[in-house]
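Please load the model in your viewer, switch on a cartoon representation, and keep the sequence panel open beside it. The tour below goes from one selection to the next and says what is to be found at each stop.

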Amino acid sequence: MIDVQKLSDEELLAAVQKVLSKAQNDRKESQILYYQPAQPKCMDIHRSPAKYVGVSGGNRSSKTDTILAQFVALSTGILPENYRDVFLPMFRGPIRTRVVVESFTTTLYPTILPKLQWFKWNGAGEMGGEMGHWGWIPKVCLIDGSWEKSWNNQRKTLTLICRDPTDVEKVLGESTWQFMSKDQEPEDFASGEFHQILHDEPPKHAQWLEDEARVISTNGRLFLAFTWPDDPTVPVDWVHDDLYDKAQEPNKSPDHDWFEIWTTENVNIDQDSVQKSMQHWSEETKRVRIYGGSMRFSNRVHPLFTDVDTRWCFTCKAITYDSTCDKCLGTHTGTFNHVETFEHQPQWPCIWVLDPHPRKPHMFLWAQVDPHDDIWIVADGQCQDEPGEVHRQVQEVEESLGMFTSVRLIDPNMGQQVAGTRREVNWKDTFDAAGLLCDSADNSDVGRASINEYLKPDYYTERPRLHIHPRCQDTIFQMKRYVWDDHKSAMEKDLKQKAKMKNDDYPTMLKYLMNYNPNFQWLMQGAPVIKKPYARR
């Protein structure tokens with residue numbers, strides 16, 4: 001025991017500094033015990049039980065850090081004191097981990113490893129301060145407390161001591177981490193069994209498939225953390241199809257979760273600097289680099305279409321990301337979603353639109369028109385069979401829903417094409433003969449612009465004028481993927497104003513619908529009778 005009363009001022013100051021230094025070093029050596037999430041959404045990620053977890057975030061939103069912190073806790077048994085109830089049920093003892101990075105030279109050494117090394121500070125604040133953290137791996141979980149002894153630079157592997165979460169003095173074994181790079185061949189991924197795999201940035205699809213096979217025998221989990229590319233031509237469609245869409249309502253898979261985390265909510269970075277940068281960025285750039293949104297389909301023909309709740313500023317008439325618009329600072333904002341469950345109204349008139357095909361299924365949809373001339377897509381369908389079978393399916397749907405179909409429209413181009421081997425008969429005649437009498441639709445591009453107007457939330461009702469029932473999954477899927485025909489690099493040339501002939505069937509049928517200018521009164525009562533005024537002789 002030191003008698004502080006006998007110490008000089010200099011000796012007392014030195015003693016205090018020594019105690020503070022030891023406390024800081026102790027904290028550094030077991031920093032994972034002091035883990036605090038960089039933002040509230042991080043805890044949602046930790047609590048996810050899904051087998052496939054996607055985390056898209058803005059730059060410096062803590063997306064990768066969040067998953068690395070979880071991986072370290074489960075690999076070492078040193079659990080965050082404040083969140084033991086979250087991590088303890090997931091702990092399995094010594095485990096095998098794989099981390100796939102963009103590049104060894106540009107990502108692994110300068111970015112990923114410093115996030116793990118207990119003696120490296122990560123954050124905007126001064127070392128040991130509130131805005132940041134020391135590397136996640138506790139010193140007591142390295143072999144002999146040495147990073148050099150735990151890290152194998154040649155094999156790119158890391159060996160960690162796994163301790164009992166209820167008694168950290170008890171060693172359960174060793175956990176291993178393997179680091180791989182996206183520039184390796186998919187065949188290089190085809191070995192090993194792992195309990196958890198993190199992909200920092202989207203890998204090639206073939207690499208992802210190989211990693212899926214690596215976690216089969218362990219009932220393991222796959223994580224993807226990344227910022228969406230801001231070039232819409234970068235091929236990440238498989239991420240949308242295999243991960244993002246499967247994590248969305250209403251048909252969400254219990255095996256898939258998706259989280260979007262925002263740079264503006266990360267407490268470990270200088271938010272004043274973030275706000276200054278945002279002032280000079282376009283809405284598209286902010287959506288990707290701040291809010292973790294996707295630009296993959298930003299070149300969509302109907303870019304406003306959304307099947308998730310999205311916020312709208314009624315003053316700017318544009319998408320915003322908070323209850324207060326970051327552009328005009330107005331508060332007249334609200335959420336909108338074009339996909340919603342609604343009860344169809346049998347008394348409303350209905351328009352049936354058909355897109356026939358010789359080599360793929362005939363596709364069709366039903367749209368009801370309400371008294372305010374808003375559009376409600378009630379159902380869609382497709383049939384590979386003959387027009388007679390299409391007629392049977394159509395009757396079945398219309399009878400079950402009790403719909404009053406006023407008008408039937410057919411693709412004007414395909415409707416005039418030869419149906420089968422009988423060159424004198426076209427598709428329109430064939431469907432007419434089957435009992436589905438159709439008018440030829442108007443193919444004008446004006447309908448596309450009308451769709452985009454109907455997708456905007458109305459200033460007074462605060463709702464869009466086009467609604468799609470969740471049962472119409474084919475329509476929803478294609479509306480999200482109907483894009484303009486790009487040049488190979490959108491950064492070099494402007495987009496061509498010509499839509500791709502892919503995922504175009506249902507959006508094109510909606511175009512025909514809008515070109516018909518659906519009007520409730522007209523559909524219910526027919527055209528008004530124009531009377532010629534009486535002329536005196």
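Two strands are treated as paired here if DSSP finds at least two bridges between them, and the structure toured is a predicted model.

With that criterion in hand, select strands E14 and E15, which run antiparallel and are joined by six bridges. The two strands form a hairpin, with six residues between them, and within the pairing Ile351 stands opposite Ala367 in E15.

Now add strand E17 (residues 404–410) to the selection, which pairs with E14 (residues 349–355) in the parallel sense, again over six bridges. On this side Ile351 stands opposite Val407 in E17, while Cys350 stands opposite Thr405 in E17.

Stay on E14 and show its side chains. In a regular strand the side chains alternate between the two faces of the sheet. Here Pro349, Ile351, Val353 and Asp355 point one way, whereas Cys350, Trp352 and Leu354 point the other way, and all are buried. Because seven of the seven residues of E14 are buried, the strand is largely enclosed by the rest of the structure.

Widen the view to the whole sheet, an open one of six strands in the order E20-E17-E14-E15-E16-E21, with mixed pairing. Strand E20 (439–440) and strand E21 (466–468) stand at its edges, and each has a single partner strand, so one side of each is left without a neighbour in the sheet.

Next, select helix H16, which lies across E14, strand E15 (362–369), strand E16 (375–383) and E17, and runs at about 40° to E15. How many residues of helix H16 (residues 505–515) are buried? Eleven of the eleven are, so the helix is largely enclosed by the rest of the structure; among them are Asp505, Lys511 and Asn515, as well as Tyr506, Leu510 and Met514. Just after H16, pause at Asn517, which takes a positive phi of about 55°.

Keep H16 displayed and bring in helix H14. Two packed helices are described by the angle between their axes and the distance between the axes. The axes of H14 (residues 446–455) and H16 come within 8 Å and cross at roughly 90°, and the two helices are therefore roughly perpendicular to each other. To see the contact itself, show Val446, Gly447, Arg448, Ser450, Ile451 and Tyr454 in H14, which meet Pro507, Leu510, Lys511, Met514 and Asn515 in H16. By class, this contact of H14 with H16 has six nonpolar, three polar and two charged residues.

Move on to a second sheet, an open one formed by three strands in the order E12-E11-E13, with antiparallel pairing. Strand E12 (318–319) and strand E13 (333–336) stand at the edges, each with a single partner strand, so one side of each is left without a neighbour in the sheet. Strand E11 (residues 310–313) runs antiparallel to E13 and is joined to it by four bridges; look in particular at Arg311, which stands opposite Thr335 in E13.

For the last stop, select helix H8 (residues 237–244), in which Trp238, Val239, His240, Leu243 and Tyr244 are buried. Which elements do the buried residues of H8 pack against? Display strand E1 (52–57), helix H7 (205–214), strand E9 (221–226) and strand E10 (256–261) together with H8, since these are the elements that its buried residues pack against.

Terms used: Residues numbered from 1 in each chain as written. Predicted model: local features only at pLDDT ≥ 70, side-chain atom pairs only at ≥ 80, totals over all residues. Heavy atoms only, no water. Buried < 20%, exposed > 50% of the residue type's maximum accessible area, 1.4 Å probe, protein only. Axes fitted to C-alpha atoms, helices over the stretch in contact; angles between N-to-C directions. Parallel < 35°, antiparallel > 145°, perpendicular 65-115°, else oblique. Contact = heavy atoms within 4.5 Å. Nonpolar A, V, L, I, M, F, W, Y, C, P; charged D, E, K, R; others polar.
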